[in-house]
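Me: I have a chain to look at and some questions about it. Can we take them one by one?

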Amino acid sequence: MALKPKAKRELLNQLDDWFQTALTHESWQNWRANAVRDFKYREGEQWSTAEKAELKKRGQPEVVENQLHVIVERILGQYSDQRASIAYRGRNSPDDIPNDILSALVLHIQDQNDFADHEEDMLREGLTGGFAIYRTYVEQDDNLDWDIKIEQDDCFIYYPDPYSRSYDWNKDARYIFRAPWMSLADAVDKWP
């Protein structure tokens, strides 16, 4: 059903208001600033410009002992060693066959998507910046077959409802925007 022009304008205005709220809300701006700092710190960029200038003035090298990287990698190793598999279990013995099929299907989807790698990337991002996202979606391939995709996604391209209070956004967030940025040339290539 197509929207009438007035309803379409109102909907677009509402979406724009929500996006601007998510983009400019103090809590998410603070999170982004801190998360950027945290990611830089984990990658070894730990000295401020003023500290670097002072070290240079003294003739001292910029020594970095990255304990955060060590801790994150240790937690990742422990997680990998204790990784659990999803399995469906029924309450009664007739449920075993469908549950075995569902368990095998989930394992197949995870294998097709290199889920262990995405899960590790997501955990690394979550341990560093405070939260991480992986998304699940369906995509049609060149043979017109449908594939279920699971991948870790960049947490910096998500703009959730800042007034959501639940850990699970599905429970109380009015909206979640996914806004990946790309160059104009890439956009023209993708959508001629």
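Reply: Start with a definition: helices and strands here are DSSP runs, at least four residues for a helix and at least two for a strand, numbered from the N terminus. Keep in mind that this is a predicted model.

Me: In what order do the elements of the chain run from the N terminus on?
Reply: The chain has eight helices and four strands to place. Read them from the N terminus, with α for a helix and β for a strand. The order is α-α-α-α-α-α-β-β-β-α-β-α.

Me: Why does the chain count as more spread out than a compact globule, and what is its radius of gyration?
Reply: The globule rule gives 16 Å for 192 residues. The chain is well over that, so it is more spread out than a compact globule. Its C-alpha atoms fill a box of roughly 75 × 55 × 40 Å along the principal axes. The radius of gyration is 22 Å.

Me: What share of the 192 residues counts as buried?
Reply: A buried residue has under 20% relative accessible area. The chain exposes about 14,600 Å², and carbon and sulfur atoms supply 53% of that area. Of the 192 residues, the buried share is 22%.

Me: How far apart are the mean positions of the positive and negative charges?
Reply: The chain has 24 positive charges and 36 negative ones. Take the mean position of each set. The distance between the two means is 8 Å.

Me: How do strand 1 and strand 2 pair, and over how many bridges?
Reply: Strand 1 covers residues 133-140, and strand 2 covers residues 146-153. They pair in the antiparallel sense. Tyr 134 stands opposite Gln 152, and Gln 140 has Trp 146 as its bridge partner. The number of bridges is eight.

Me: Which residue in the hairpin of strand 1 and strand 2 takes a positive phi?
Reply: The hairpin has five residues between its strands. The residue asked for lies in that loop. Its phi is about 65 degrees, although it is not a glycine. It is Leu 144.

Me: Is Leu 144 buried or exposed?
Reply: The cut-off for exposed is over 50% relative accessible area. Leu 144 comes to 59%, so it passes. Leu 144 counts as exposed.

Me: Which residue in the loop between helix 5 and helix 6 has a positive phi?
Reply: Helix 5 spans 96-112 and helix 6 spans 115-129. The residue in question is not a glycine, yet its phi is near 50 degrees. At 48% relative accessibility it counts as partly exposed. The residue is Asp 114.

Me: How far apart in space are His 118 and Gln 152, C-alpha to C-alpha?
Reply: His 118 is found in helix 6, while Gln 152 is in strand 2. They are 34 residues apart in sequence. Even so, His 118 touches Gln 152, and also Asn 113, Ile 150 and Glu 151. The C-alpha distance is 5.0 Å.

Me: What is the relative accessibility of His 118?
Reply: Partly exposed means between the buried limit of 20% and the exposed limit of 50%. His 118 counts as partly exposed because its value falls there. That value is 22%.

Conventions:
Residues are numbered from 1 along each chain as its sequence is written. This is a predicted model: local features need pLDDT of at least 70, side-chain atom pairs count only at pLDDT 80 or more; totals for chains, interfaces and linings use all residues. Side-chain values use heavy atoms; hydrogens and water are left out. Two strands pair if DSSP finds at least two bridges between them. The radius of gyration is taken over C-alpha atoms; the globule rule is 2.2 Å times the number of residues to the power 0.38. Buried means under 20% relative accessible area, exposed over 50%, partly exposed in between (1.4 Å probe, protein chains only). Accessible areas come from the Shrake-Rupley method with a 1.4 Å probe; for residues, only the protein chains shown count as cover. Lys and Arg count as positive and Asp and Glu as negative; His and the chain ends are not counted. The place of a charge is taken as NZ of Lys, CZ of Arg, CG of Asp or CD of Glu. Contact means heavy atoms within 4.5 Å. Lists of a residue's contacts leave out its neighbours within four places in sequence.
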